[in-house]
Each structure stands twice: as structure tokens, then as C-alpha cells.
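Here is a quick walk through one model, with the sequence and the 3D view to hand. Keep the structure open and follow along from spot to spot.

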Amino acid sequence: MNVGVLVIIGIAVLLILWFALSYNKLVKYRVLTEEAFSTMDVYLKKRFDMVPNLVETVKGYAAHEKKTFEDIVKFRNTNYESMSPEEKMEGSRMLSQAMGRIFALAENYPELKSSENFRKLMGQLEQIEADIASARKYYNGTIRQYNVAVQSVPTNVVANMFGFVQKPMFETDSPEERKNVKVNFS
């Protein structure tokens, strides 16, 4: 065999190897993002299921906060399993806002804060919120790796060929969501 043919074969082997490695890297990152979302989804579902108990506990103490409770119940009555990941993330943002209002509301009712049922629920919710924060951090980290691979040369060539597209981070959208919750009873 002449040297030119060996060089061409060598280049072809390297290209095939690069292509396979790039594809496998993208698949690995996609699977990691799906696993990260599944982990976070478990905690979001736990919180989703726990909210009616908290609402019922608080309802009797603050009847004039009916709108907050209606918003939470309305969201809670949706079918969680039928939601897309994007709908779950948006629902989580809405639920976090409403939960913030309930936590602030509890500050104004000492007898509510002293209720054993409320304290247990709050403790469980605080733990779930911490778990969600950790899972969200992990999810965003895997999404970052995946998105970098999808956008970076040369793996972006393979990503475009096989339909690997960027995925959204799970983040707070509006400046309003970043502010402290204020409760006004007037």
C-alpha cells in the first residue's frame, strides 16, 4: 500500500472516531440532564402533593387571604403527571411565589405558628425546598454542560445533524420573583 492511501484511511478512522466520541458525549449529557430533571421532579411532586395540607391548615387562620389559597388550589388541581417539563418548571415558580405568601402570612398569626400540624408541615416543606434547591443546582449544572457541548465546535456539527438542541435552565425569570414577599392586609 502506498503512503497516501494509509493517510486517507488514517484520516477516515480519526473522523469516524471523532464523530462517535462527539455523538456519545452529547448522548451522555442528554441522559444526565434527563436524570437531573427526574431527581428534581421527585421533590417538585412531593411539594405539589404537600401543599393542600398546608393550605387547609392555614385557611382557618386567614380567611381574608382567599385569593392566595384559590391560586394554590387551582394550580394543585392540575394533573402533575401530564405536565411537560417546562410546565412543571413554570408551575414550580408560581407555587414558590404562593408559598412565600403563605410563609409571610404565618408570621402574622402567632397561634398558627404554634400549631403542631403547621410546624410539622413547615419543617417538611423547608426540607423539600432545600432538596429542590440542591436538585435545581445539579439540573442547571448538567444543562450547562449539555448546552456547551451542543454549541461548541466541533460537537455542534454532530448536534445539528442529530437534532440535539439547547435546553432551558430552571431559573427565576422576573425581578418580582427575586424580591421578598410582602403581605398587606388592607
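## Starting at N147

N147 has its place in helix α5. Keep in mind that this is a predicted model. Is N147 buried or exposed? With a relative accessibility of 9%, N147 counts as buried, because the cut-off for buried is under 20%.

Who does N147 touch, once residues up to four places away in sequence are set aside? The partners are Q166 and K167. K167 turns up again in another role: its charged end sits over the ring of Y146, 5.4 Å from the centre of that ring. While we're on charges over rings, have a look at R136 as well, which lies over the face of F170 at 4.6 Å from the ring centre.

## The overall layout

Zooming out, the protein chain has seven helices and zero strands. Read along the sequence, that gives the pattern α-α-α-α-α-α-α. The chain has 186 residues, and buried ones make up 34% of them.

How much of the contact map comes from residues 24 or more positions apart? Taking the contacts in the chain with a separation of 6 or more, such residues account for 80%.

## Where α5 meets α6

Helix α5 covers residues 116-151, and it packs against α6 at an angle of about 95°, with the two axes 6 Å apart. That angle makes α5 roughly perpendicular to α6, because 65 to 115 degrees is the range for that label. On the α5 side the contact is made by A149, V150 and Q151, and on the α6 side by T155, N156 and A159. By type, the residues of this contact divide into three nonpolar, three polar and no charged.

The loop between these two helices is worth a click too. P154 has its place in that loop, between α5 and α6. What kind of peptide bond joins V153 and P154? It's a cis one, with omega at about 10°.

## Rings that bridge the chain

Now for the aromatics. A search of the whole structure finds five aromatic pairs. One of them is F19 with F162, a tilted pair at 5.8 Å centre to centre and 55° between the planes. This pair links distant parts of the chain: F19 is in helix α1 (residues 3-59), F162 is in helix α6 (residues 155-162), and the two are 143 residues apart. Both ends see some solvent-accessible area: F19 is partly exposed, at a relative accessible area of 28%, and F162 is partly exposed at 43%.

Another pair is Y23 with F164, and this one is edge-to-face, 5.8 Å centre to centre with 75° between the planes. Y23 lies in helix α1 and F164 in the loop between α6 and α7 (175-178), so the pair ties together parts that are 141 residues apart in sequence. Here the two rings fall into separate classes: Y23 is partly exposed, at a relative accessible area of 29%, whereas F164 counts as buried at 4% relative accessibility. Put the ring pairs together and you get a cluster that links W18, F19, Y23, F162 and F164.

## A few spots in α2 and α3

Helix α3 runs over residues 85-107, and P85 is found in it. P85 is partly exposed, with a relative accessible area of 37%. Which residue 44 positions away along the chain has its C-alpha 8.5 Å from that of P85? That's D41.

G91 lies in α3 too. Is G91 buried or exposed? At 3% relative accessibility, G91 counts as buried. Its C-alpha and that of L44 are separated by 9.4 Å, with their positions 47 residues apart along the chain.

Over in helix α2 (residues 66-76) you'll find E70. E70 counts as partly exposed, at 41% relative accessibility. Measuring C-alpha to C-alpha, E70 and V55 are 9.5 Å apart in space and 15 residues apart in sequence.

Note on methods:
Residues numbered from 1 in each chain as written. Predicted model: local features only at pLDDT ≥ 70, side-chain atom pairs only at ≥ 80, totals over all residues. Heavy atoms only, no water. Phe/Tyr/Trp six-rings, centres within 6.5 Å; stacked < 30°, edge-to-face > 60°. Helix = DSSP H or I, 4+ residues; strand = E, 2+ residues; numbered from the N terminus. Buried < 20%, exposed > 50% of the residue type's maximum accessible area, 1.4 Å probe, protein only. Lys NZ or Arg CZ within 6 Å of the ring centre and 35° of its normal. Axes fitted to C-alpha atoms, helices over the stretch in contact; angles between N-to-C directions. Parallel < 35°, antiparallel > 145°, perpendicular 65-115°, else oblique. Contact = heavy atoms within 4.5 Å. Nonpolar A, V, L, I, M, F, W, Y, C, P; charged D, E, K, R; others polar.
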